[in-house]
Amino acid sequence: MKTYATKQTDIKREWHLVDADNQVLGRLASAIAQKLLGKNKPYFTPQLDCGDYVVVINSDKISVTGKKLLQKTYWRHSNYPGGFQSITFGEQLKKDSRQALLWTVSKMLPKNKLRDARLCRLKVFKTDQHIYQDKLKKV
């Protein structure tokens with residue numbers, strides 16, 4: 001019996017629709033990350049990009065547990081003196097809920113060369129209206 005090695009031509013990408021309405025942020029992000037990685041496929045290979053496309057709708061209606069709306073903070077620094085900026089999760093949801101979900105999924109993906117290509121396959125929309133209706137499977 002020989003060992004099967006997945007080739008780039010064997011990879012078939014599917015489209016998944018995920019509704020974020022009343023979903024907990026961490027659990028939703030980990031499920032999205034697994035689909036972007038392709039872990040649900042029998043021919044998953046870590047060094048190849050086997051993942052699928054994921055369309056997330058209703059990102060404005062995402063929820064978190066505990067006091068994370070007030071206590072969870074996102075921060076960044078411009079590397080200039082006084083360039084530190086921080087924003088709480090609640091403020092980020094009001095500003096742009098799509099970015100909060102993108103940051104969470106991004107931190108759940110492996111930190112390697114394939115990360116940006118995987119994140120390009122994640123499409124996040126604030127409402128239930130999106131432009132990928134024809135690509136999604138009818139279930």
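Let's start at a strand pairing: Arg 76 sits across from Gln 85 of β4. That pair belongs to an antiparallel arrangement in which strand β3 (residues 73-77) is joined to strand β4 (residues 84-88) by five bridges. Strands count as paired when DSSP finds at least two bridges between them.

Before going further, a word on what you're looking at. This is a predicted model, where local features need pLDDT of at least 70 and side-chain atom pairs count only at pLDDT 80 or more, while totals for chains, interfaces and linings use all residues. Residues are numbered from 1 along each chain as its sequence is written, and side-chain values use heavy atoms, with hydrogens and water left out.

**The overall layout**

The protein chain has four helices and five strands, and along the sequence they come in the order β-α-β-α-β-β-α-α-β. Both kinds of element are DSSP runs numbered from the N terminus: H or I over at least four residues for helices, E over at least two for strands. The C-alpha atoms fill a box of roughly 60 × 40 × 25 Å along the principal axes. Of the 139 residues, 40% are buried. Here buried means under 20% relative accessible area, exposed means over 50%, and partly exposed is what lies in between (1.4 Å probe, protein chains only). Take the contacts (heavy atoms within 4.5 Å) between residues at least 6 apart in sequence: 67% of them link residues at least 24 apart.

Here's how some individual residues come out:

| Residue | Relative accessible area | Class |
|---|---|---|
| Cys 50 | 0% | Cys 50: buried |
| Ala 33 | 4% | Ala 33: buried |
| Asn 58 | 8% | Asn 58: buried |
| Lys 61 | 45% | Lys 61: partly exposed |
| Cys 120 | 54% | Cys 120: exposed |
| Asn 22 | 63% | Asn 22: exposed |
| Asn 79 | 72% | Asn 79: exposed |

**Two asparagines with positive phi**

Back to the β3 and β4 hairpin, which has six residues between its strands. Asn 79 lies in that loop, and its phi is positive, about 65°, although it isn't a glycine. As a rule, most residues other than glycine have a negative phi. Asn 22 is another non-glycine residue with a positive phi, near 60°. You'll find Asn 22 in the loop between β1 (15-19) and α1 (25-37).

**The loop after β2**

The stretch between β2 (53-57) and α2 (68-71) holds Asn 58. Which backbone nitrogen does the side chain of Asn 58 reach? It's the one of Asp 128, at 3.3 Å. Setting aside neighbours within four places in sequence, Asn 58 touches Asp 19, Ala 20 and Asp 21, plus Phe 125, Lys 126, Thr 127 and Asp 128.

Lys 61 is in the loop between β2 and α2 too. With neighbours within four places left aside, Lys 61 is in contact with Ala 20, Asp 21 and Asn 22. Lys 61 and Ala 20 are 41 residues apart along the chain, and their C-alpha atoms are separated by 6.6 Å.

**Helices α1 and α3**

Ala 33 is part of helix α1. Outside its neighbours within four places in sequence, Ala 33 contacts Met 108 and Leu 109. Its C-alpha is also 8.9 Å from that of Arg 118, a residue 85 places away in sequence.

Helix α3 (residues 89-108) is the odd-looking one. For its 20 residues, a straight helix at 1.5 Å a residue would reach 28 Å, but the end C-alpha atoms are only 17 Å apart. (That expected span is 1.5 Å times one less than the number of residues.) Where does α3 bend? At Asp 96, by about 125°; the bend is the angle between axes fitted to the seven residues ending there and the seven starting there. Asp 96 is buried, and other buried residues of α3 include Phe 89, Leu 93, Ala 100, Leu 101 and Val 105.

**Any disulfides?**

How many disulfides does the structure hold? Zero, with a disulfide taken as a pair of cysteine sulfur atoms within 2.5 Å. Why is Cys 50 not bonded to Cys 120? Because the sulfur of Cys 120, the closest cysteine sulfur to that of Cys 50, is 17 Å away, too far for a bond. Seen from the other end, Cys 120 is in no disulfide either.

Key: Expected span 1.5 Å × (residues − 1). Polar contact = N/O pair within 3.5 Å; in protein donor to acceptor, adjacent residues only side chain to side chain.
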